[in-house]
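Please open the model in a viewer and keep a selection tool at hand. The tour below proceeds by selection, from the whole chain to single residues.

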Amino acid sequence: MIKNKLKIIYMGTPEFAVAPLDEIVKSGFNVVGVVTTPDKPAGRGQKIAESAVKKYAVKHQLNLLQPRKMKDPVFVNQLKELNPDVIVVVAFRLLPKEIWSMPKLGTFNLHASLLPQYRGASPINFAIINGDKESGVTTFFIDDKIDTGEILLQEKTQIKDNEDAGTLHDKLQEIGKNLVVKTLEGISTGKLKPQKQIYEEGIEYKYAPKIFKEDCLIQWNEPLEKVYNLIRGLSPYPVAFTNLIINDHSKILKIYKGHYKLEKHILPIGTVIVEGNKTFKIAANNGFYFPSEVQLEGKKRMSISDFINGLTQKHNLFVK
């Protein structure tokens with residue numbers, strides 16, 4: 001099938017989903033509809049916020065659908081009238097079978113991991129939290145279960161030692177947008193042959209569940225490498241945090257970046273040492289962690305030197 005004759009419906013919500021949609025449009029494919037989440041209040045002022053995908057669709061005058069419920073008969077009929085050959089899903093919600101089974105050439109998803117590794121909602125975060133050295137993206141056909149369908153294409157990339165979830169997100173977004181287009185080209189020509197997901201013997205397969213606030217609390221009694229990986233795996237969102245005790249008052253301290261040094265010491269875990277206006281180190285069980293970018297409750301994100309300069313008392317500090 002000629003690609004500009006291939007009728008595509010695209011489904012996505014966040015910024016991660018914008019780049020693949022843009023690449024599809026620039027590549028000359030026929031996007032007959034874009035589906036995203038409804039507008040909703042967000043932030044402190046509860047102003048109505050539009051998804052990143054909606055903003056792109058409106059700017060480029062694409063046919064936009066924002067159903068509140070995926071099984072809404074009106075919405076389902078709208079999709080049927082568009083008669084898609086393929087549905088492309090990137091960072092969207094779960095689809096009912098009546099939708100993903102609708103296109104004659106199938107519905108495929110872009111997932112930010114090398115499936116079957118890291119099925120679930122937070123693959124980018126957990127790849128770093130677990131200290132992996134490799135990640136990637138996968139396109140696969142959607143089926144009845146979560147992230148279990150036949151694999152279409154995969155592409156790998158290395159995770160650097162200082163990489164955080166934000167930089168890996170951007171890297172996978174670039175790789176992913178091209179992989180989506182390659183997948184569409186393979187489907188349109190009929191040359192792409194799906195492969196079942198295979199569990200190889202001797203490999204530990206991990207899950208990537210949704211991350212909640214309690215998962216972001218730093219446990220300073222854990223090995224420092226694990227602490228370091230948690231912090232970079234949650235940066236810049238949802239952000240790892242600790243409770244900073246300043247003269248017997250507790251405030252949440254979010255930590256975005258830093259480094260660590262393995263070192264024997266006899267200090268209680270959680271002890272904070274401030275040296276001059278540049279060094280702020282936290283005692284862990286096998287060394288010290290040195291935050292470089294932080295955000296104290298009620299304040300903006302800042303460098304550690306600015307944070308130290310803002311402290312009225314530079315002693316009697318503790319984290320837990």
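What follows is a sequence of selections, each with a description of what is found there.

**The whole chain**

Begin with the complete protein chain, which is a predicted model. The chain holds eight helices and 18 strands. Its C-alpha trace spans about 70 × 50 × 30 Å along the principal axes. Of the 320 residues, 50% are buried. Among contacts with a separation of 6 or more, 66% are between residues 24 or more positions apart.

**Helix 1 and its surroundings**

Next, select residues 18–26, which form helix 1. Seven of the nine residues of helix 1 are buried, so the rest of the structure largely encloses this helix. The buried residues are Val18, Ala19, Pro20, Leu21, Asp22, Glu23 and Ile24. To display their surroundings, add strand 1 (7–12), strand 2 (30–35), helix 2, strand 6 (86–90), strand 7 (107–111) and helix 6, against which the buried residues of helix 1 pack. Just after helix 1, glycine 28 has a positive phi of about 90°.

**Helix 1 against helix 2**

Keep helix 1 and add helix 2, residues 52–59. The two axes come within 9 Å and cross at roughly 25°. Because of that angle, helix 1 is roughly parallel to helix 2; angles under 35 degrees count as such. The crossing of helix 1 and helix 2 is right-handed. Show side chains for the contact: helix 1 contributes Val18, Leu21, Asp22 and Val25, and helix 2 contributes Ala52, Val53 and Tyr56. By class, six of these contact residues are nonpolar, none is polar and one is charged.

**Helix 1 against helix 6**

Now replace helix 2 with helix 6, residues 165–189. Helix 1 and helix 6 pack at an angle of about 40°, with their axes 8 Å apart. The two helices are therefore oblique to each other. The crossing of helix 1 and helix 6 is right-handed. On helix 1, the contact is made by Ala19, Pro20, Glu23 and Ile24; on helix 6, by Gln173, Lys177, Asn178, Val180, Val181 and Leu184. This contact has six nonpolar, two polar and two charged residues.

**Helix 3 and its two sides**

Move to residues 73–82, helix 3, and colour Phe75, Val76 and Leu79, which are buried. Seen down the axis of helix 3, the buried residues fall within an arc of 100°, so they line one face of the helix. Strand 1, strand 2, strand 5 (64–65) and helix 4 (97–100) are among the elements that cover these buried residues. On the other side of helix 3, Pro73, Val74, Lys80 and Glu81 are exposed.

**Backbone features in the loops**

Most residues other than glycine have a negative phi, and most peptide bonds are trans. The next selections depart from that pattern.

Select asparagine 83, located in the loop between helix 3 and strand 6. Asparagine 83 is not a glycine, yet it has a positive phi of about 50°. Its relative accessibility is 38%, so asparagine 83 counts as partly exposed.

Proceed to alanine 91, in the loop between strand 6 and helix 4. Alanine 91, also not a glycine, has a positive phi of about 50°. With 33% relative accessibility, alanine 91 counts as partly exposed.

Which residues does the cis peptide bond with omega of about 10° join before the tour reaches helix 7? Leucine 115 and proline 116 are joined by this bond. Proline 116 lies in the loop between strand 7 and strand 8 (119–120).

Then select serine 235 and proline 236, where the peptide bond is cis with omega near 10°. Proline 236 is in the loop between helix 7 (224–233) and strand 12 (240–246).

**A last stop: glycine 45**

Finally, select glycine 45, in the loop between strand 3 (40–42) and strand 4 (47–49). Is glycine 45 buried or exposed? At 59% relative accessibility, glycine 45 counts as exposed. To end the tour, draw a distance from the C-alpha atom of glycine 45 to that of glutamate 163. These residues are 118 positions apart along the chain, and their C-alpha atoms are separated by 33 Å.

Terms used. Residues are numbered from 1 along each chain as its sequence is written. This is a predicted model: local features need pLDDT of at least 70, side-chain atom pairs count only at pLDDT 80 or more; totals for chains, interfaces and linings use all residues. Side-chain values use heavy atoms; hydrogens and water are left out. Axes are lines fitted to C-alpha atoms, for helices over the stretch in contact, and angles run from 0 to 180 degrees between N-to-C directions. Helices (H or I, at least four residues) and strands (E, at least two) are DSSP runs, numbered from the N terminus. Angles under 35 degrees count as roughly parallel, over 145 as roughly antiparallel, 65 to 115 as roughly perpendicular and the rest as oblique. A crossing is left-handed if the near helix is turned anticlockwise from the far one by less than a right angle, and right-handed if clockwise. Contact means heavy atoms within 4.5 Å. Ala, Val, Leu, Ile, Met, Phe, Trp, Tyr, Cys and Pro count as nonpolar, Asp, Glu, Lys and Arg as charged, and the others, Gly among them, as polar. Buried means under 20% relative accessible area, exposed over 50%, partly exposed in between (1.4 Å probe, protein chains only). The arc is that of the directions from the helix axis to the C-beta atoms.
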